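This report goes through a structure section by section. Please look at the sequence and the 3D view before reading on.

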Amino acid sequence: MSFLNHFKNDANRRTALYAGHVVADPSRCVQCGICSYNCPIGIDVRAHVWRDEAVIKSECLTCGECVARCPRGVLSFVQTDLFERRAG
Amino acid sequence: MKYVIVGAGVAGMAAVEAIRSVDLAGEILMVSDDPHGYYSRPGLAYFLTGELHDKALYPLAPDPQKIKFDHLKGRVTRLLQAEHALEVDGKARLTYDKLLIAVGACAVSLEIPGSKLEDVVKLDHLSDAKKILRLAKRGGTAVVVGGGITALELVEGLLARGMKVHYLLRGDRYWSNVLDRQESHIVEGRLQAEGVMLHHHAELVEITGRNGRVNGVRLLDGRAIKCDLVAYAIGIHPSLDLAANTALALDRGLLVNEHLQTNDPDIYAAGDVAQAYDPLSGRSVLDSLWNPAREQGHVAGLNMAGRKTAYLKSPPFNVTRLAGLTTTIIGAVGRGHDEDVLGIARGDSETWRDLPDAIVAQSGFDVNHMRLLVGERSLIGAILMGDQTLSKPLQKMISNRADISSIRGKLLEPDAPIADLIADFWVGWRKTIAL
């Protein structure tokens with residue numbers, strides 16, 4: 001991998017921290033619970049996935065632990081539209 | 001209306017939610033004898049590797065306060081169709097108006113001399129996983145036999161728990177009816193790098209023991225391997241005990257129509273036990289995956305409550321982890337469908353193509369591999385190992401039979417940049433359909 005990609009990934013992670021939230025693809029999920037188990041502030045991410053809800057909670061640190069640890073690629077970050085009506 | 005659901009897996013839970021979404025007043029009773037209740041069976045793999053505590057395997061079941069249903073612990077021993085009744089634990093009788101059988105499947109037993117010894121294990125239930133961990137604590141050497149995903153879960157779990165692992169393969173490579181030669185070699189190479197000892201063309205014929213404990217295995221060609229534990233995953237079969245001596249139509253599983261209804265209009269089946277009619281292919285097929293089980297349970301529940309709904313099977317889709325690589329298998333990628341496949345495109349990339357609106361959270365996979373099965377006008381199947389950025393686009397393109405004529409020729413060129421071609425195509429195509 002080119003070293004330039006490291007800068008790019010770093011920038012992407014920063015983008016996720018300030019402008020992203022976690023969304024799920026429930027069709028990939030087997031409710032194993034690794035996401036909830038690894039959430040440092042105890043959000044039940046798995047329950048969000050079961051209900052096909054994005055994790056839009058003010059407590060969410062967008063640290064990316066759940067996204068990175070999910071063995072099935074269920075979770076991803078998307079850009080949060082600050083002007084969109086929020087739910088969840 | 002009284003609904004009874006036999007089985008406490010994901011199909012049963014999805015059925016409870018679906019029934020309650022239609023019928024707020026009916027009585028729902030779930031009956032199962034699994035001592036652990038509802039938990040994530042696929043999550044056992046991560047419990048074995050130590051990534052999860054067993055308590056974390058229990059997902060949020062429908063909250064009985066919000067979704068009213070009762071749960072009875074007991075084994076359903078007989079189905080009395082004429083009386084609309086079930087016998088529980090050989091004595092108590094339960095009546096039903098609508099019944100769902102969602103009892104799942106169980107591991108095919110290993111039937112060779114020595115297979116009943118204490119240290120011979122399978123991975124069916126949480127209790128099996130706990131037994132494996134208890135035995136693995138002693139250390140020593142394990143032999144794993146079988147194929148597919150579960151065998152690899154056993155290999156990885158035992159390795160993670162500090163055992164030396166021999167993995168016996170009957171053929172010349174791993175999972176040869178799904179993976180191509182290159183993909184098998186990727187998986188095998190990663191296993192060997194972790195210290196797994198692979199044995200090809202190895203057929204287990206006997207497990208030897210002393211004082212009731214395993215001390216080795218013998219192979220057909222005369223080879224012997226000393227070991228302390230044997231783990232097997234040689235297939236599963238639907239649990240059909242309940243349907244024995246009834247008039248329910250059976251094949252390999254319980255036969256159901258597209259409404260998940262058996263040949264008895266008041267009895268439904270869903271999940272691994274059901275062999276569901278697929279109107280698109282005209283065949284009745286078994287599935288042993290979490291998401292189809294959830295979908296089937298949901299559709300069965302709606303139908304039981306009177307909302308007529310058809311179950312339309314999506315193209316086969318599974319996500320798993322093979323030797324540490326997240327792997328998605330979509331549509332027809334194995335043998336048996338080759339007559340439909342006109343070409344195959346393969347790709348590897350050091351850095352996978354980013355989609356324009358994606359934020360990368362996982363990166364640095366040491367292997368990124370993609371194989372596409374290209375039909376006349378659309379993609380028929382795909383396999384992705386490593387980076388999953390293009391997994392969802394490919395899943396949508398395959399299930400919607402996206403017309404890829406505009407890039408088909410380029411995809412099939414030698415050394416084509418297929419990740420870039422797919423990403424560019426996706427960006428344009430998704431605007432044309434409602435996803």
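Is Cys63(A) buried, partly exposed or exposed? Cys63(A) has a relative accessibility of 43% and counts as partly exposed. The model described here is predicted.

## Cysteines of chain A

Cys39(A), by contrast with partly exposed Cys63(A), is buried, and its relative accessible area is 15%. Each of these two residues has its closest cysteine sulfur in the other: from Cys39(A) that sulfur is in Cys63(A), and from Cys63(A) it is in Cys39(A).

Why is there no bond between Cys39(A) and Cys63(A)? Their sulfur atoms are 6.4 Å apart, which is too far for a bond. A disulfide needs the two sulfur atoms within 2.5 Å, so this pair does not qualify. Over all chains, the search of the whole structure finds zero disulfides.

## Layout of chain A

Chain A holds four helices and two strands. Read from the N terminus, the order of these elements is α-β-α-α-α-β.

The chain has 88 residues, and 49% of them count as buried. How many of its contacts between residues at least 6 apart in sequence join residues at least 24 apart? The share is 62%.

## A sheet in chain B

In chain B, three strands make an open sheet with mixed pairing, and their order is β18-β20-β21. Which strands lie at the edges? They are β18, residues 254–256, and β21, residues 283–286, and each of them pairs on one side only. On average, neighbouring strands of this sheet are turned by 30° against each other, with direction ignored.

Strand β20 of chain B covers residues 274–278, and three bridges join it to β18(B). These two strands run parallel. Within β20(B), Ala274(B) is the residue that stands opposite Leu254(B).

## Aromatic rings in chain B

Aromatic pairs number six over all chains. In one of them, the rings of Trp426(B) and Trp429(B) have centres 6.1 Å apart and planes at 45°, so the pair counts as tilted. A pair of aromatic rings is described by the distance of the centres and the angle of the planes.

Both tryptophans belong to helix α9 of chain B, residues 418–429. Because Trp426(B) and Trp429(B) are three residues apart in this helix, about one helical turn separates them. Trp426(B) is buried, at a relative accessible area of 7%. Trp429(B) is also buried, and its relative accessibility is 11%.

Elsewhere, ring pairs link three residues into a cluster: Tyr167(B), Tyr174(B) and Trp175(B).

## Where the two chains meet

What does Gln395(B) touch beyond its neighbours within four places in sequence? In chain A it is in contact with Asp25(A) and Ser27(A), and in chain B with Phe317(B) and Ile330(B). Gln395(B) is part of helix α7 of chain B, which spans residues 391–399. With a relative accessibility of 14%, Gln395(B) counts as buried, because the cut-off for that class is under 20%.

A charge and a ring also come together across the chains. Arg294(B) lies over the face of Trp50(A), and the distance to the ring centre is 3.5 Å.

Methods
Residues numbered from 1 in each chain as written. Chains lettered and ligands numbered in written order. Predicted model: local features only at pLDDT ≥ 70, side-chain atom pairs only at ≥ 80, totals over all residues. Heavy atoms only, no water. Buried < 20%, exposed > 50% of the residue type's maximum accessible area, 1.4 Å probe, protein only. Pairing = 2+ DSSP bridges. Axes fitted to C-alpha atoms, helices over the stretch in contact; angles between N-to-C directions. Contact = heavy atoms within 4.5 Å. Phe/Tyr/Trp six-rings, centres within 6.5 Å; stacked < 30°, edge-to-face > 60°. Lys NZ or Arg CZ within 6 Å of the ring centre and 35° of its normal.
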